[in-house]
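Student: I am new to this structure. Can we go through the terms used for it, one by one?

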Amino acid sequence: MTVDQKVRELQHFINGSLVDGTSGRYSDVYNPSTGEVIARVPLASREEVITAIENAKAAFPAWKKVSAGKRAEVVQRFRQLVSENIEELIEVICEESGKTKEDAKGEITRGLESVDLAINVAHMTKGEYSVNVGGGINAYSAKYPLGVVAAISPFNFPVMVPLAQTSMAVAVGNAVILKPSEKVPISALYMSNLWKEAGLPDGIWTVINGDKEAVDELLENNTIEAISFVGSTPVAEHIYQKGTSYNKRVAALGGGKNFMVVMPDADLEKTANAFLGAAYGAASQRCMAISGAIPVGKETADKFVAILKEKIANLKVGPYTDETVDFGPVITQQSKDAVLAAINKGIEEGAQIVVDGRNPKISETSKGFYLGPTLLDEVTPSMEIYEKEVFGPARIIVRVESLQEAIDLINDHELGNGVTIFTNSGAAARKFQEEIEVGMVGVNVPIPIPVGYHNFGGLKRSKFGEGYMFGPDQARFFTKVKTISERWLEEDDETASTFSFPSN
Ligand code: NAD
């Protein structure tokens, strides 16, 4: 196959160096704003993954022995380098994902929150100590890194999600293998160079590019101790089931169907403004994007839909190079086709189209994967567009008569990533927060993504396994605990054998 000279051939980052792929398999990387192929990424064979794992395994013992303070210094330098290179990193994200520059900046900033937490590694991993638990014995617990661990990331946050998955894993002393999405591999390779420059020893941060074949090796290889996965629910479930069957620790975060409940007492103008950004930002390609609104009562619904209709008409879709656009394209043509199919099916099943974004006007020549904002009203729970996560700018309105009906509906949905309520009633907000079965709950906050020092994760089929992203749980997830009972004998201490079970 001849490679277009303009198309960069990407590599893996193994043992501190960029290395060519050897499998002979590649995947195209697009600039979704232009529809052009900008690079091709090698898809690793099992043998390449094994080489990467062996290098990581060899590097681990020395990194484990480095003091937490010194490891934190490296993470701190990495943070500094991300900040110094933020403009270039924004360009990389925008080119391969299509999101706007402001949005790319936002994702880097949020990602750095998890790096900040990782810099506190010494505090995050300190143990517990109890003196004289009985018989002159002191007991203490200590956290140790697991060894070689893997992170598998989705396309929609090329920097934030990998940072949230890996910063603490590195800081606590593991060797980390990142398998980024094959749709956005350039950001991960860019970060590899920054880790190297920050002084991270070779082999501690690896980027292996690939698809299912690479992931299968990560899931089955005995050296991999833990897997942090973020992506769609079907793949998350597969990763959890297969990874745990190989006795690995697995946290697998899946998709979302995140509703905004709009109470009759809410300020509808402000609520609509909050809805727009949370629902259509990043072309709705966020796991925490608002998928739809559930207005309570006919009057609320009629008014809310009318306000939205007017406001949506003013949204601007286009390439990130135009700084006035509100959001960009979806990631691929297949993704665009899937969103179009979901809209068409919704209409076929009886939903009313309020705003039709299926044929956005961008420019005559643009081949980018654009969709305008679509709003469907009168959606009911039996429709496919209600049941499934739609990863593109088609949002829905589901009408209910009471707060209880809204809560029951949301609780019946198989996904439970994020949810929010807009109201001026403390009592309604309290009831909602108490009764709702969703992992991340907002009250007058449109996208309730926790800050970096709180745990991030959904409930139900939005998360498999006991592990989170961001937050203090990362320090637990990526370490193992030893509990030590220690006694130092004096000359006259009794050491007779005891055959009954010892007690304090
Ligand atoms: P995806 O599940 O298609 O891919 C995620 C990763 O899994 C990629 O690295 C991909 O190469 C790999 N993969 C895909 N199919 C696989 C298979 N059969 N076997 C092994 N590996 C496989 O997800 P995506 O389209 O890249 O990302 C969008 C999805 O991620 C959405 O569903 C979104 O809600 C979800 N997401 C969730 C969160 C969260 O925190 N819960 C955050 C971001 C994105």
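The dialogue below takes each term and sets it against its cut-off.

Tutor: Keep in mind that this is a predicted model. Ask away.

Student: What makes Asn132 exposed or buried?

Tutor: Count its neighbours. Asn132 has 11 C-beta neighbours inside 10 Å. The cut-off for exposed is 12 or fewer, so Asn132 counts as exposed.

Student: Where does Asn132 lie, and what is its phi?

Tutor: Asn132 lies in strand S6, residues 128–134. Its phi is positive, about 45 degrees, and Asn132 is not a glycine. Most residues other than glycine have a negative phi.

Student: Why is Asn444 called partly exposed?

Tutor: Asn444 has 16 other C-beta atoms within 10 Å. Exposed needs 12 or fewer, and buried needs 20 or more. The count for Asn444 falls in between, so this residue is partly exposed. Asn444 sits in the loop between S20 and strand S21 (459–460). Phi is positive here too, near 60 degrees.

Student: How do you know that the ligand lies between two domains?

Tutor: Look at who supplies the shell. Domain 1 (8–255 + 458–483) gives residues to it, and so does domain 2 (258–414 + 418–443). The ligand therefore lies between them.

Student: Which residues come nearest to the ligand?

Tutor: Pro154, Gly231, Ser232, Gly255 and Cys287, out of 28 around it. By class, the shell holds 12 nonpolar, 11 polar and five charged residues.

Student: What makes S15 and S20 edge strands?

Tutor: Each pairs on one side only. S15 covers 352–355 and S20 covers 440–443. The open sheet has seven strands, in the order S15-S16-S17-S14-S13-S19-S20, with mixed pairing. Its twist averages 20 degrees from one strand to the next.

Student: How do you know that S15 pairs with S16?

Tutor: Pairing needs at least two bridges. Three bridges join S15 to S16 (residues 374–377), so the two strands pair. They run antiparallel. Val355 stands opposite Leu375 in S16.

Student: Which helix lies across S15 and S16?

Tutor: Helix H12, residues 333–348. H12 also lies across strand S17 (394–397), running at about 30 degrees to S17.

Student: What describes the packing of H2 and H6?

Tutor: Two packed helices are described by the angle between their axes and the distance between the axes. For H2 (residues 68–84) and H6 (residues 160–171), the angle is about 145 degrees, and the axes are 9 Å apart. Arg71, Ala72 and Val75 in H2 meet Ser167, Val170 and Ala171 in H6. The residues of this contact divide into four nonpolar, one polar and one charged.

Conventions. Residues are numbered from 1 along each chain as its sequence is written. This is a predicted model: local features need pLDDT of at least 70, side-chain atom pairs count only at pLDDT 80 or more; totals for chains, interfaces and linings use all residues. A residue is near a molecule or strand if its C-beta atom, placed from the backbone, lies within 6 Å of it. Ala, Val, Leu, Ile, Met, Phe, Trp, Tyr, Cys and Pro count as nonpolar, Asp, Glu, Lys and Arg as charged, and the others, Gly among them, as polar. Domain bounds come from an automatic or database domain assignment. Helices (H or I, at least four residues) and strands (E, at least two) are DSSP runs, numbered from the N terminus. Axes are lines fitted to C-alpha atoms, for helices over the stretch in contact, and angles run from 0 to 180 degrees between N-to-C directions. Two residues are in contact if their C-beta atoms, placed from the backbone, lie within 7 Å.
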